[in-house]
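Me: I am new to this structure and would like a close look at a single part of it, followed by a careful account of how that part fits with the rest. Could you take your time over it?

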Amino acid sequence: MDFFNVGKIVNTHGIRGEVRVMPTTDFVKERFAKDHKLYLDMKEGPLELTVEKARQHKGFLLVKFAGYDNINDVLNFRDHELMVTEEDQQPLEDGQYYYRQIIGLTVKTLEGEELGTIKEIMAPGANDVWVVDRPDKEDLLLPVIDDVVKKVDLENHQVLVELMEGLE
């Protein structure tokens with residue numbers, strides 16, 4: 001079974017079994033909804049958890065799992081990834097992609113110049129920003145807008161872009 005990360009437990013919260021989660025998904029409400037199944041990435045294999053409740057708190061999510069009612073029950077969850085199965089993946093509209101599909105793609109200009117590889121995706125506001133790792137240069141921050149990103153070609157593992165003035 002394939003699993004995909006949707007968040008990381010960064011700490012515990014209080015004494016009643018809540019954990020602090022840094023979400024890494026665009027579908028926060030769906031992934032952390034009451035009774036939704038998540039899997040904790042453990043050495044001995046994925047541990048199935050059921051969300052009892054979740055709420056926003058200071059840039060994080062506070063999540064309580066059913067059956068884990070004490071801080072001692074969740075202490076060993078810290079620094080572990082939360083995952084969903086492939087069957088739980090949300091269908092995307094045309095032109096939308098999962099982060100895992102974008103990270104690692106080669107970025108080229110329309111003229112064929114290879115700029116580097118996408119190593120990270122940031123979501124600072126109105127649009128995502130792709131961080132391009134360039135050999136022997138500073139990282140390039142590409143805003144994901146139609147004026148810049150011209151084509152995402154998953155089959156050929158590349159993105160074609162047109163650099164606007166000031167991006168380079």
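Reply: In this predicted model, E168 has its place in the segment after β12, the strand that covers residues 158-161. E168 counts as exposed because its relative accessible area is 54%, and the cut-off for that word is over 50%. Exposure does not leave E168 without partners, for, setting aside residues up to four places away in sequence, E168 touches L115, R134, K137, L140 and L163. One further distance helps to place E168: G125 is 43 residues apart from E168 in sequence, and the C-alpha atoms of the two are 21 Å apart in space.

From the segment after β12 one can step back into the strand itself, where L160 is found. Leaving aside neighbours within four places in sequence, L160 is in contact with K108, T109 and L110, and also with V148, V149, K150 and K151. Y39, by contrast, is 121 residues apart from L160 along the chain, with 35 Å between the two C-alpha atoms.

Y39 then leads on to T85, since T85 touches Y39 as well as M1, D2, F3 and F4, again not counting residues up to four places away in sequence. T85 belongs to strand β6, which runs over residues 81-85, and with a relative accessible area of 5% T85 is buried. F4, one of the residues that T85 touches, has a charged partner of its own: the charged end of R100 sits over the ring of F4, at 3.9 Å from the ring centre. A second arrangement of this kind involves R20, which lies over the face of F60 at 5.2 Å from the centre of that ring.

R20 also appears among the contacts of T12, a residue of strand β1 (residues 3-13). Leaving aside neighbours within four places in sequence, T12 is in contact with E18, V19 and R20, and also with I71, V74 and L75. T12 is counted as buried because its relative accessibility is 16%, and buried means under 20%.

The aromatic rings deserve a separate look. A pair of aromatic rings is described by the distance of the centres and the angle of the planes. The count of such pairs comes to three. One of them is formed by F65 and F77, an edge-to-face pair with 6.5 Å from centre to centre and 70 degrees between the planes. This pair links distant parts of the chain, for F65 is in strand β5 (residues 60-65), whereas F77, twelve residues apart from F65, is in the loop between α2 (71-74) and β6. F65 is buried, with a relative accessible area of 0%, and F77 counts as buried too, at 2% relative accessibility. Together with Y68, these two phenylalanines form one aromatic cluster.

Two residues in loops call for attention because of their backbone angles, and both are exposed like E168. K58 has a positive phi of about 50 degrees although it is not a glycine; K58 lies in the loop between β4 (47-57) and β5 and counts as exposed at 73% relative accessibility. D136, likewise not a glycine, has a positive phi of about 60 degrees. D136 is found in the loop between β9 (129-133) and β10 (140-143), and its relative accessible area of 84% makes it exposed.

Finally, the chain as a whole gives these details their setting. The chain has three helices and twelve strands, and its C-alpha trace spans about 60 × 30 × 30 Å along the principal axes. Of its 168 residues, 36% count as buried, and the accessible surface comes to about 10,300 Å², of which 45% belongs to carbon and sulfur atoms. Among contacts between residues at least 6 apart in sequence, 48% join residues at least 24 apart. There are 20 positive and 34 negative side chains, and the centres of these two sets lie 9 Å apart.

Definitions and conventions
Residues numbered from 1 in each chain as written. Predicted model: local features only at pLDDT ≥ 70, side-chain atom pairs only at ≥ 80, totals over all residues. Heavy atoms only, no water. Helix = DSSP H or I, 4+ residues; strand = E, 2+ residues; numbered from the N terminus. Buried < 20%, exposed > 50% of the residue type's maximum accessible area, 1.4 Å probe, protein only. Contact = heavy atoms within 4.5 Å. Areas by Shrake-Rupley, 256 points an atom, 1.4 Å probe, with all protein chains shown as cover. Lys, Arg positive; Asp, Glu negative; His and termini not counted. Charge placed at Lys NZ, Arg CZ, Asp CG, Glu CD. Phe/Tyr/Trp six-rings, centres within 6.5 Å; stacked < 30°, edge-to-face > 60°. Lys NZ or Arg CZ within 6 Å of the ring centre and 35° of its normal.
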